[in-house]
Amino acid sequence: MNKFSSRREFLVASAGLAGASVLPFAPSMALAQDAKWPAKVIRIVVPFPAGSITDTMARMLANGLAKSLGQPVIIDNKGGANGSIGVAEVARAAPDGYTLLATNSSSITVNPLIYRNSPYKANSLAPITVVLDAPFILNVNADWAKSNAINSVQDLIAYAKRKPSELTYGSAGPGNLAHLAYAMLSNSAKIQTTHVPYKAASQASMAVMAGEVNSSFDTLASVPQILSGKLKALAVTSNERLAQMPDVPTMAQAGFPDISVKFWLGLLAPAGTPSVIIEELYAHAKTAMAVPAAHAALSAQGVVVMQNPKDFANRIAAETKQLVEVIKREKISLD
């Protein structure tokens with residue numbers, strides 16, 4: 001039996017035994033702490049420039065996530081190649097919940113189909129949530145529509161059949177969703193149309209207003225120009241009529257139920273990210289976007305929907321199947 005000559009020796013010995021008993025468990029304790037998520041900064045990659053609608057959405061998410069998760073959430077703009085550069089970076093990242101992607105539908109459902117050497121596929125990412133859902137509006141030049149008595153989609157089709165290839169439409173470039181939607185309409189209606197590509201959707205919309213082209217599938221950003229009479233809306237690709245324009249029918253009501261192409265903005269993670277992290281991110285993202293300021297900032301572009309991960313994954317699969325058919329038929333391919 002050990003004997004101690006003083007209280008000091010007893011305390012020193014006791015401290016040594018306590019330290020020895022703790023040491024074997026230290027690595028497992030540290031491991032448990034490391035396994036707790038989130039334990040450090042989260043980065044949201046935005047594959048488009050600062051100031052874009054995608055960037056605005058991402059910053060709304062970042063602010064809300066940082067508050068509810070208790071960790072800094074930073075935005076990293078990585079533009080280029082129609083979003084492919086930023087998306088590819090996230091697809092290559094570790095699936096640990098610390099690198100996320102805020103992007104638009106084209107970068108996920110279109111780019112892998114039209115770029116010959118795309119560095120990723122749609123299934124390279126794990127869907128978390130659709131944040132914003134936005135239909136397209138089939139617009140025509142108001143003066144041109146008046147002079148040609150075009151007041152409906154059927155009038156537009158009749159014009160194209162009377163004057164093959166004279167009906168022109170603009171888009172933000174080959175393979176853009178607006179381009180694909182019009183190609184789908186042309187094929188469904190069995191008409192010949194002429195595509196005029198621009199560098200951005202805003203340029204295509206301005207081209208319609210200026211009379212450079214007759215028409216385009218435009219975003220909700222064109223609603224003020226429609227209400228002011230600079231553009232004439234013939235139909236919308238949403239399932240229901242828009243509250244801003246209740247007199248404008250849906251494409252289904254106009255006779256083309258298959259033309260239901262929509263534009264979305266969403267949050268994704270690298271494939272393989274644990275489902276528990278995906279679900280937690282979804283829950284916190286819903287909280288972040290529930291504030292009135294978020295809805296106000298995005299309302300001009302669409303509707304905040306916060307679609308769950310499973311439904312989001314099913315949507316990507318369905319849209320990819322729909323778009324691959326038109327891309328093959330139109331022989332759209334980019335380097």
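**Exercise 1. Helix H5 and the six-stranded sheet**

Which helices and strands do the buried residues of H5 pack against? Work this out on the predicted model, starting from the sheet beside the helix.

Solution.

Step 1. Lay out the sheet. It is open and has 6 strands in the order S2-S1-S3-S10-S4-S11, with mixed pairing. Strand S2 (73-77) and strand S11 (303-307) are its edge strands, and each of them pairs on one side only. From one strand to the next the twist averages 20 degrees.

Step 2. Look at one strand pair inside it. Strand S4 (residues 125-135) runs antiparallel to strand S10 (residues 262-270), and 9 bridges link the two. Val-130 has Gly-266 in S10 as its bridge partner.

Step 3. Place the helix. H5 packs on this sheet and touches strand S3 (99-104), S4 and S10. The direction of H5 makes about 80 degrees with that of S3.

Step 4. Check burial. In H5, 9 of the 10 residues are buried, so the helix is largely enclosed by the rest of the structure. The buried residues include Ser-105, Ile-108, Val-110, Pro-112 and Ile-114.

Step 5. List the partners. The buried residues of H5 pack against helix H4 (84-92), S3, S4, H8, S10 and helix H13 (309-330).

**Exercise 2. The five-stranded sheet**

Give the strand order of the sheet that holds S5, and describe how S5 sits in it.

Solution.

Step 1. The order is S7-S6-S8-S5-S9, an open sheet of 5 strands with mixed pairing.

Step 2. Strand S7 (193-197) and strand S9 (231-236) are at the edges; each has a single partner strand, so one side of each is left without a neighbour in the sheet. Ignoring direction, neighbouring strands are turned against each other by 30 degrees on average.

Step 3. Take the partners of S5 in turn. Strand S5 (residues 137-141) pairs with strand S8 (residues 215-218) in the antiparallel sense over 4 bridges, and Val-140 has Ser-215 in S8 as its bridge partner. S5 and S9 also run antiparallel, joined by 5 bridges. There, Leu-138 stands opposite Ala-235 in S9.

Step 4. Sort the side chains. In a regular strand the side chains alternate between the two faces of the sheet. In S5, Ile-137, Asn-139 and Asn-141 point one way, while Leu-138 and Val-140 point the other way.

Step 5. Check burial. 5 of the 5 residues of S5 are buried, so the strand is largely enclosed by the rest of the structure.

**Exercise 3. Thr-168 and Pro-164**

Is each of these residues buried, partly exposed or exposed?

Solution.

Step 1. Locate them. Thr-168 lies in strand S6. Pro-164 is in the loop between helix H7 (153-162) and strand S6 (167-171).

Step 2. Apply the cut-offs: buried is under 20% relative accessible area and exposed is over 50%. Thr-168 has 16% relative accessibility and therefore counts as buried. Pro-164 has 49% and therefore counts as partly exposed.

Step 3. Add the surroundings. Leaving aside neighbours within four places in sequence, Thr-168 is in contact with Thr-194, Glu-212, Val-213, Asn-214 and Ser-215. Pro-164 is 28 residues from Gln-192 in sequence, and their C-alpha atoms are 5.5 Å apart.

**Exercise 4. Nonpolar cores**

Which helix gives the most residues to the largest nonpolar core?

Solution.

Step 1. Describe the core. The largest nonpolar core has 74 residues, and Ile-44, Leu-138, Val-153, Leu-156, Leu-185, Phe-217 and Met-251 have the most contacts inside it.

Step 2. Name the helix. Helix H8 (residues 177-189) gives the most, with 9 residues.

Step 3. Separate the other core. Apart from the largest core lies another of 15 residues, among them Ile-137, Ala-204, Leu-220 and Val-223.

Step 4. Follow one residue. Beyond its neighbours within four places in sequence, Leu-185 is in contact with Leu-138, Ile-157, Phe-217, Met-251, Phe-256 and Ile-259.

**Exercise 5. The largest pocket**

Which element supplies the largest share of the lining of the largest pocket?

Solution.

Step 1. The largest pocket holds about 980 Å³ of space. Of the 44 residues that line it, Asn-104, Ala-172, Asn-176, Ala-201 and Phe-263 are the closest to its centre.

Step 2. Helix H3 (53-69), helix H5 (105-114), S6, H8, helix H9 (201-210) and S8 each supply at least two lining residues.

Step 3. The largest share comes from H9, with 5 residues.

Terms used. Residues are numbered from 1 along each chain as its sequence is written. This is a predicted model: local features need pLDDT of at least 70, side-chain atom pairs count only at pLDDT 80 or more; totals for chains, interfaces and linings use all residues. Side-chain values use heavy atoms; hydrogens and water are left out. A nonpolar core is a set of buried Ala, Val, Leu, Ile, Met, Phe, Trp, Tyr and Cys residues joined through side-chain atoms within 4.5 Å. Buried means under 20% relative accessible area, exposed over 50%, partly exposed in between (1.4 Å probe, protein chains only). Contact means heavy atoms within 4.5 Å. Two strands pair if DSSP finds at least two bridges between them. Axes are lines fitted to C-alpha atoms, for helices over the stretch in contact, and angles run from 0 to 180 degrees between N-to-C directions. On a 1 Å grid over the protein atoms alone, a cavity is a set of points where a 1.4 Å probe fits but cannot get out, and a pocket is an open set with protein on both sides within 12 Å along at least five of seven lines; lining residues have an atom within 4 Å of a point. Grid points are joined across faces, edges and corners, and a volume is the space filled by probe spheres set on the points.
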